[in-house]
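User: I would like to learn how to read a few features of a protein model. Please go step by step.

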Amino acid sequence: STLFPYTTLLRSNGVPHIFASNEADLYFAQGYIMASQRLFQMDLSTRSTSGRLAELVGKKGLEMDRFFVRFGMRQSALKTVNEYMANPQIAAMINAFIAGVNVYVENLKDLPIEYKLLGQTPERFDASRVIHMARALTYSLDGHSSDYVLSHLRQQIGLENVLDLFPEFLPEQFSDYVLPGKWANQARAKEQPKDFPFVTHFKKFPEIPQPARGNGSNNWAVGPKKSTTGHSILANDTHLGLSLPNIWFENQLSCPQFNVYGVSLAIVPGIINGFTRLTAWGPTNGATDALDFYEVEFISEESNEYLDHGKKETAQIFTETILSSSGEKEDVDVVWTKWGPVLHREGRYGLVADWTGFQTGNELLALRQLYDSKDMKSCLKAFDNWRVPIQNFICADPDHIGIVHAGFVPERRIGEGRFIETPESSQNTLRTPI
C-alpha cells in the first residue's frame with residue numbers, strides 16, 4: 001500500500017525480514033514492525049533514564065527518576081540528539097524509524113496488556129527515545145565503578161585493609177592495560193597506603209544504582225588457516241541481564257544499498273550485531289572503568305560556585321520536573337560542574353560523576369558504515385565513530401579476522417580511580433561539560 005511501501009516476510013520462528021526500495025522506507029518499516037511487537041518494552045526502557053518512569057508506573061518509579069535526572073541524563077541526551085541530528089544521513093534514519101513507530105501508535109485498535117494493567121495509553125515517540133535507550137544500555141555496561149564503594153569501605157575498615165582485601169585487578173607484571181604506550185616501560189610497584197593520601201570529607205554515602213555484574217558477553221574468531229573450511233569463523237554471545245521480552249530484536253533489513261541480518265536494540269534503528277554477504281561483526285563489553293567520582297569544594301554550603309585549582313567557577317543549574325501517574329510533581333535541581341553532575345552534597349563538598357557515557361560520538365553512523373564494509377579492515381574502520389559504551393568489536397571477512405577496543409577510555413595514572421579523588425589530582429583528560 002502507499003502507507004506501507006515495503007515487503008515483510010515473517011518466518012515461522014517469528015523473525016521479520018524487511019525488504020524496501022530505499023533506506024527511508026526500510027527504517028520506517030523497522031520502526032512500525034518493532035513497535036507492533038515491543039511497544040511497551042520500547043516505552044519502559046527509554047523512560048528509565050529520562051526520568052519519566054513514574055509517569056508510567058507511579059510512585060515506585062520515583063527513586064530511579066530522581067537518580068537519573070540528577071545524573072544529568074536529560075541534558076546529555078538532548079546534547080546527543082542535537083549532535084546526531086546534525087548529520088543528514090543519521091537524521092533521516094532516526095526520523096523514518098520514529099515515524100514508523102508513531103504510525104503504529106496512532107493506529108492502535110487494542111492496547112497492549114501492560115498499558116491496560118497500568119491504566120495508561122502510549123504516547124507518540126520522538127528522537128530522544130533513541131538516545132535514552134542507548135543511554136540505558138551504556139549505563140548498564142559502563143556504569144560500574146569501585147572508587148565510590150572503596151572510599152566508603154576505607155572509612156569503615158581502614159586503607160591498609162582495603163588494599164589487602166581488594167587488590168588491583170591486573171597483576172603487577174602487566175604494566176600496560178591494552179597496547180604498549182607511554183607506560184609500557186614502567187614497572188608497576190605494589191600499591192602502598194602512601195599512594196593514596198587524599199581522604200574524602202564525605203561521611204554519608206547514598207546508594208547509587210549499580211548495573212548487574214553479569215552484563216558482558218563473549219566473542220571469538222578463528223582465522224582461515226585454523227578452520228577446516230579455509231574461511232574465517234566468528235561467534236558472538238551477547239549476554240545481558242535477563243528480561244522478558246529479550247533485549248534483542250532479531251530481523252533482516254534489505255534495500256538496494258545494503259542487505260544485513262542480525263539483532264537490533266529495541267527503539268534503536270538498524271542492526272547492532274550481525275552480518276552482510278561480505279563481513280560479520282559482534283560486540284562484547286569492554287569492561288573498562290568509565291566512571292570516576294570526584295570531591296569538589298564549593299565556596300559555601302549554599303553556593304553554586306566551586307573551586308578549580310583555587311579559581312572560582314559557577315556551576316550550571318537546570319531545574320527539571322518529575323511527574324508521577326499518581327499525581328505527584330517535584331522539581332529537581334541538576335547541578336553541572338566542568339567535570340560532570342553533582343550527585344550528592346555534604347556542606348561545602350559535592351560528589352561529582354565524571355562519566356565517559358556522556359562523551360558520545362556518532363554510534364549510529366558507525367553501525368550504518370558497517371553495512372557498506374567490504375572487508376575486515378573497513379569493518380574495524382567503521383568504529384572510529386564509536387564512543388560509548390566501550391566495546392570490544394570483533395570483525396571478520398572470509399579471509400581475515402580482527403578486533404578493536406572501541407570507545408572513549410579515560411586516561412589515568414596507574415592506580416588512579418581506586419578511590420574518590422579531587423579533580424585537581426586527576427590525570428583524566430576526558431571532561432564532561434554540558
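The dialogue below takes up salt bridges, a pocket, a helix and two single residues.

User: What kind of model is this?

Analyst: It is a predicted model. Local features are read here only where pLDDT is at least 70.

User: Start with charge pairs. How many salt bridges does a search of the whole structure find?

Analyst: The general idea comes first. Side chains of opposite charge can pair when their charged atoms come close. In this structure the search finds 21 salt bridges.

User: Take R47. Which residue forms a salt bridge with R47 at 3.5 Å?

Analyst: E55 does, with 3.5 Å between the closest N and O atoms. Both E55 and R47 are buried. R47 counts as buried because its relative accessibility is 5%, and the cut-off is under 20%.

User: Which parts of the chain does the pair of E123 and R47 tie together?

Analyst: E123 forms a salt bridge with R47, with the closest N and O atoms 3.9 Å apart. E123 lies in the loop between α6 (113–118) and α7, while R47 is in helix α1, so the pair links parts 76 residues apart in sequence. E123 has a relative accessible area of 29%, so it is partly exposed.

User: Where does R52 fit in?

Analyst: R52 and E55 meet through their side chains in a salt bridge, 2.8 Å from N to O. R52 is partly exposed, at 21% relative accessible area. Shared partners join salt bridges into one network of D43, R47, R52, E55, E123 and R129.

User: Now empty space. How much lies in the second largest pocket?

Analyst: The idea is simple. Rolling a probe the size of a water molecule over the atoms shows where empty space is left. Here, the second largest pocket holds about 890 Å³ of space. Its lining has 35 residues, and S45, S48, M133, S243 and I247 are the closest to the centre.

User: Which helix supplies the largest share of that lining?

Analyst: α1 does, with 11 residues. α1 (23–50), α3 (62–70) and α7 (127–142) each give at least two residues to the lining. By type, the lining residues of this pocket divide into 22 nonpolar, 11 polar and 2 charged.

User: Next, a helix. Is α10 largely enclosed or open?

Analyst: Count its buried residues. Helix α10 (residues 363–371) has 8 of its 9 residues buried, so the rest of the structure largely encloses it. The buried residues of α10 are E363, L364, L365, A366, L367, R368, L370 and Y371.

User: Now single residues. Where is T276 found, and what does its side chain reach?

Analyst: T276 sits in the loop between β7 (273–275) and β8. Its side chain reaches the backbone nitrogen of L278 at 3.1 Å. T276 has a relative accessible area of 15%, so it is buried. Beyond its neighbours within four places in sequence, T276 is in contact with N259, V260, W281 and Y371. Y371 is also one of the buried residues of α10.

User: And A280: buried or exposed?

Analyst: A280 is buried, because its relative accessible area is 18% and the cut-off is under 20%. A280 belongs to strand β8 (residues 280–285). Setting aside neighbours within four places in sequence, its contacts are L234, G274, F275, C379, I394, C395 and A396.

User: How far is A280 from A235, C-alpha to C-alpha?

Analyst: Their C-alpha atoms are separated by 9.4 Å, while the two residues are 45 residues apart along the chain.

Definitions and conventions
Residues are numbered from 1 along each chain as its sequence is written. This is a predicted model: local features need pLDDT of at least 70, side-chain atom pairs count only at pLDDT 80 or more; totals for chains, interfaces and linings use all residues. Side-chain values use heavy atoms; hydrogens and water are left out. Helices (H or I, at least four residues) and strands (E, at least two) are DSSP runs, numbered from the N terminus. Buried means under 20% relative accessible area, exposed over 50%, partly exposed in between (1.4 Å probe, protein chains only). Contact means heavy atoms within 4.5 Å. A polar contact is a pair of N or O atoms within 3.5 Å; within protein, one must be able to donate a hydrogen and the other to accept it, and residues adjacent in sequence count only if both atoms are side-chain atoms. On a 1 Å grid over the protein atoms alone, a cavity is a set of points where a 1.4 Å probe fits but cannot get out, and a pocket is an open set with protein on both sides within 12 Å along at least five of seven lines; lining residues have an atom within 4 Å of a point. Grid points are joined across faces, edges and corners, and a volume is the space filled by probe spheres set on the points. Ala, Val, Leu, Ile, Met, Phe, Trp, Tyr, Cys and Pro count as nonpolar, Asp, Glu, Lys and Arg as charged, and the others, Gly among them, as polar. A salt bridge is a side-chain nitrogen of Lys or Arg within 4 Å of a carboxyl oxygen of Asp or Glu.
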